[in-house]
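Subject: A structure for you to explore

Hi there,

Here is the structure I promised to pass on to you. Open it in your viewer, and then read on for what was found in it.

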Amino acid sequence: MSQDIIHVYFMPGMAANSSIFEYIELAEDRFKIHLLEWIMPESKESLSAYAKRLCKNIKEENPVLVGVSFGGILVQEMSKHIKTRKIIVISSVLTKYELPKRMKLAKATKMYKFLPTHLVQDFETYAKYTFGDAATKRVKLYKKYLSVRDKNYLDWAIEQVVCWEQKEPLPNTIHIHGKKDAVFPIQYITDCIEIEGGTHIMILNKFKWFNENLPKLILGDNVA
């Protein structure tokens with residue numbers, strides 16, 4: 001394989017598997033896509049230690065790391081352990097100051113410890129509890145993409161997001177965010193490439209934008 005090939009590693013969001021990137025296509029003569037998956041955290045494992053452990057799955061030097069949502073937080077932590085060409089963060093945050101007020105409140109009150117994450121193991125009940133009756137018809141879709149339902153993992157992951165302590169954006173990081181993101185509202189985001197109409201799942205329904213612009217962002221070209 002040519003030395004000019006750029007290796008791009010994709011990390012999905014919380015509880016999601018790598019199938020959320022199924023519509024992402026990069027030119028094979030220039031890029032090589034690698035899909036990362038969640039591994040189970042060890043007891044009381046720090047996010048830094050987890051990120052270092054996941055770095056063992058990075059086989060090439062100086063890769064591009066792309067992360068969605070909690071995966072965006074994780075790839076930033078991973079970049080602290082390995083040299084990277086670039087970090088691309090999608091539908092996520094670059095510092096603790098970009099977390100919405102409800103997450104900051106959850107941290108202050110420790111309410112995140114009382115979320116009913118055990119319901120995820122019964123996904124139909126979880127979907128109804130979380131999204132309401134109208135969303136239960138989309139259970140098949142949720143089940144396809146949100147397949148990591150271990151309670152210990154979810155408890156750990158939620159705590160890592162809410163209690164993340166990064167104060168400054170990392171260098172060489174690109175932030176892409178949807179203007180209609182309901183999980184991390186745009187009003188709390190300070191500097192990003194804004195996607196008109198983009199929601200928290202825009203990696204799925206705005207994939208054409210990503211297919212057109214990710215290569216430009218990776219190579220350092222301007223995006224219109």
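Let's begin in the interior. The largest nonpolar core has 34 residues, and the ones that touch the most other members are Trp38, Phe70, Leu74, Met78 and Tyr153. Several elements contribute to this core: strand S1 (6-11), H1, helix H2 (70-78), strand S4 (86-90) and H6 each supply at least two residues. Please keep in mind as you look around that this is a predicted model.

Pick out Met78 if you want a good place to start. Leaving aside residues up to four places away in sequence, Met78 touches Leu36, Ala51, Leu54, Cys55, Ile58 and Leu65. There is also a second core, separate from the one above, with 26 residues; Val64, Ile88, Ile90 and Ile176 are among them.

Now for the overall plan. The protein has eight helices and six strands. Starting at the N terminus, the elements follow the order β-β-α-β-α-β-α-α-α-α-β-β-α-α. Of its 224 residues, 49% count as buried. If you take the contacts between residues at least 6 apart in sequence, 64% of them join residues at least 24 apart.

How are the six strands arranged in the sheet? They make an open sheet with parallel pairing, in the order S2-S1-S3-S4-S5-S6. Strand S2 (31-35) and strand S6 (193-195) stand at the edges; each has a single partner strand, so one side of each is left without a neighbour in the sheet. From one strand to the next, the twist averages 20°.

As a general point, strands of a sheet pair through backbone hydrogen bonds, and the pairing can be parallel or antiparallel. Here, S1 and S2 run parallel and are joined by five bridges. To see this pairing up close, find Phe10, which stands opposite Leu35 in S2.

One helix is worth viewing against the sheet. Helix H8 (residues 207-219) lies across S1, S2, strand S3 (64-68), S4, strand S5 (173-178) and S6, and runs at about 150° to S4.

Next, the aromatic rings. A pair of aromatic rings is described by the distance of the centres and the angle of the planes. Searching the whole structure gives nine aromatic pairs. One of them is Tyr50 with Trp156, a tilted pair at 4.5 Å centre to centre with 40° between the planes. Why does this pair tie together parts that are 106 residues apart in sequence? Tyr50 lies in helix H1 (residues 47-54) while Trp156 lies in helix H6 (residues 151-162), so the pair links those two parts. Both Tyr50 and Trp156 are buried.

Another pair is Trp209 with Phe210, which is edge-to-face: 5.2 Å centre to centre and 85° between the planes. Trp209 and Phe210 are both buried too. Ring pairs also link Trp38, Tyr50, Phe70, Tyr153 and Trp156 into a cluster. Three of those names may look familiar, since Trp38, Phe70 and Tyr153 came up among the core residues that touch the most other members.

Finally, a word on cysteines. How many disulfides does the structure hold? The count is zero. Cys55, which you met as a neighbour of Met78, is buried, with a relative accessible area of 9%. Cys163 is partly exposed, with a relative accessible area of 25%.

Enjoy exploring, and write back with any questions!

Best wishes

Definitions and conventions:
Residues are numbered from 1 along each chain as its sequence is written. This is a predicted model: local features need pLDDT of at least 70, side-chain atom pairs count only at pLDDT 80 or more; totals for chains, interfaces and linings use all residues. Side-chain values use heavy atoms; hydrogens and water are left out. Rings of Phe, Tyr and Trp (its six-membered ring) pair if their centres lie within 6.5 Å; planes under 30 degrees apart count as stacked, over 60 as edge-to-face and the rest as tilted. Helices (H or I, at least four residues) and strands (E, at least two) are DSSP runs, numbered from the N terminus. Buried means under 20% relative accessible area, exposed over 50%, partly exposed in between (1.4 Å probe, protein chains only). A nonpolar core is a set of buried Ala, Val, Leu, Ile, Met, Phe, Trp, Tyr and Cys residues joined through side-chain atoms within 4.5 Å. Contact means heavy atoms within 4.5 Å. A disulfide is a pair of cysteine sulfur atoms within 2.5 Å. Two strands pair if DSSP finds at least two bridges between them. Axes are lines fitted to C-alpha atoms, for helices over the stretch in contact, and angles run from 0 to 180 degrees between N-to-C directions.
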